[in-house]
Amino acid sequence: MGVTVVKNQHGYLRFRIFWKGRDVAVSTRFRDDDPAGRNSRLVNAKAILIEEKLRTGADLHRALLEVLGDCPPRLMPALSPAVRARTMRDYYEEWITRRVPPLVRHSTSQKNRLCFEAIILPELGSAPLQDVTKARLEAFRVKLLAQKTRRGTKRTVKTVRNIIDWHLRSLWRDAEQEGYVDRFPHLDWPRAWRPKPDPFDPDERDAILSWFEEHDPYWYPWLFLLFWTGMRHGEAAALRWSDIDLNPRNLSISPSRDNGQAHAPKTSGSVREIPLLPWALELLKGLPRQLRSDGAEFVFITPERKPMTDTWWPTRGAARSPKDEASKGIWFRALKALRIRPRKFYITRHTFIAWALSEGANLKGLAEYCGTSVQMIEQSYGRYMRKDFLGPLISARPERIPEIAVVGKTGPPKGLSKKIPEFPGENWWRRGN
């Protein structure tokens, strides 16, 4: 390895560099002069610096750039091919492998996969992540609203918003943390319209329970407890005997079961301990359970003697089109037999909340009992709240109320002037005689 200075055929000085088996010539703009001339001394000094850089391990192009401030393009290292921008499909195939239980709910993982592979990827899969702009998302939103589902119905705004602001945003959030994209484009959405709950009235509720008690008593306790506690189905499916204290009649609700797996509850307020109504307590006392057990067994199990999951009833017992003959969609079959308007199985929870409000239950206490918020109850169930605000106040009338001294029906209180002006103003009696 070495660097010398030579003169080319045109009289200019140049560097001759021997480096890693290569003989490299690098021209300069300085003409040859006497060995003691300024140009010769300057170029030789630079040759010494280049040789020192190479000796310390610097690459040739780096040494030339640092000493000369320039480097011939032929000596620059070959540029690595530009990193191909990651497409939505490329990133999804890596991302979905991380969306597995218990890191996420099993149902969430399934919905993510179904939504991306059936809806998002066919439209945006080949697009680089950086090209998914606000304008492109708005066009995608319009297309989703115009398309029809497999059932032949149009998607609602709420459904389209779930696709973009839930599924797509989940992938985008992880891609942003890894540095592939910037913040998710903000879309303006119309104000959501949420249909009001349509609970059963007390007569319908009692008729349903009576029908199951007579025609299918196996599911009678399951429905009875849902109707009289307002629990979510996943909470009731995860209920174990160790969660029930029959002496002070308390019931502890913490986990939730979904697709055969236990998960944290829906919200932090869903972890709660509630007192049971007397008739719900009597029902639990009458249920069979194993003797000398540690209480770890489930309170409710399927006919196959397996743990209940939140999907057993929606996909089988409460299915409009059951997948098998084991359950035969018994929920809708019961409603049809009773000539009750068909409603989803989740109405059991709505029915309890509406009944409790109509009976004058404290709003905050009911929200804590059901593991929800006061705001949600006011927005969704406000029409079931008792409107006789003065009724309880009138019934709480004190035994003795001092007499109110008045003059006539509209006159001033006693002790003030009884003279009424011809054209009384609003506060005429305050002005004296």
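Here is a walk through this structure, from the whole chain down to a few of its helices.

Keep in mind as you look around that this is a predicted model. The protein chain has 433 residues, and 39% of them count as buried. Running along the chain you'll meet 16 helices and 8 strands. How much do distant parts of the sequence touch each other? If you take the contacts between residues at least 6 apart in sequence, 54% join residues at least 24 apart.

A good place to stop is helix α4, which covers residues 106–124. Follow this helix along and you'll find a kink of about 45 degrees, centred on F116. F116 is also one of the buried residues of α4, along with S107, T108, S109, N112, C115, I119, I120, L121 and L124. It helps to know that an α-helix has 3.6 residues a turn, so residues three or four places apart point the same way. And what lies over those buried residues of α4? The cover includes three helices, α3 (88–95), α5 (134–146) and α6 (157–177), as well as the strand β6 (256–258).

Let's zoom in on a single residue of α4, T108. Is T108 buried or exposed? T108 counts as buried because its relative accessibility is 15%, and the cut-off for buried is under 20%. Setting aside the neighbours within four places in sequence, T108 touches R99 and W166.

Now back to α5, one of the elements covering α4. The axes of α4 and α5 are 12 Å apart, and the two helices pack at an angle of about 130 degrees. That angle is why α4 is described as oblique to α5. The crossing of the two is right-handed. On the α4 side, I119, I120, E123 and L124 make the contact, while α5 brings R136, L137, F140, K143 and L144. Sorted by class, that contact of α4 with α5 holds 6 nonpolar and 3 charged residues, with no polar ones.

Finally, move further along the chain to α13 (residues 347–358) and α14 (residues 363–370). Here the packing angle is about 160 degrees and the axes sit 11 Å apart, so α13 runs roughly antiparallel to α14. The crossing of α13 and α14 is right-handed. Helix α13 makes the contact through R349, F352, I353, A356 and L357, and α14 meets them with L363, L366, Y369 and C370. By class, the contact of α13 with α14 has 8 nonpolar residues, 1 charged residue and no polar ones.

Key: Residues numbered from 1 in each chain as written. Predicted model: local features only at pLDDT ≥ 70, side-chain atom pairs only at ≥ 80, totals over all residues. Heavy atoms only, no water. Axes fitted to C-alpha atoms, helices over the stretch in contact; angles between N-to-C directions. Helix = DSSP H or I, 4+ residues; strand = E, 2+ residues; numbered from the N terminus. Parallel < 35°, antiparallel > 145°, perpendicular 65-115°, else oblique. Left-handed = near helix turned anticlockwise from the far one by under 90°. Contact = heavy atoms within 4.5 Å. Nonpolar A, V, L, I, M, F, W, Y, C, P; charged D, E, K, R; others polar. Bend = angle between axes of the 7 residues up to and from the residue. Buried < 20%, exposed > 50% of the residue type's maximum accessible area, 1.4 Å probe, protein only.
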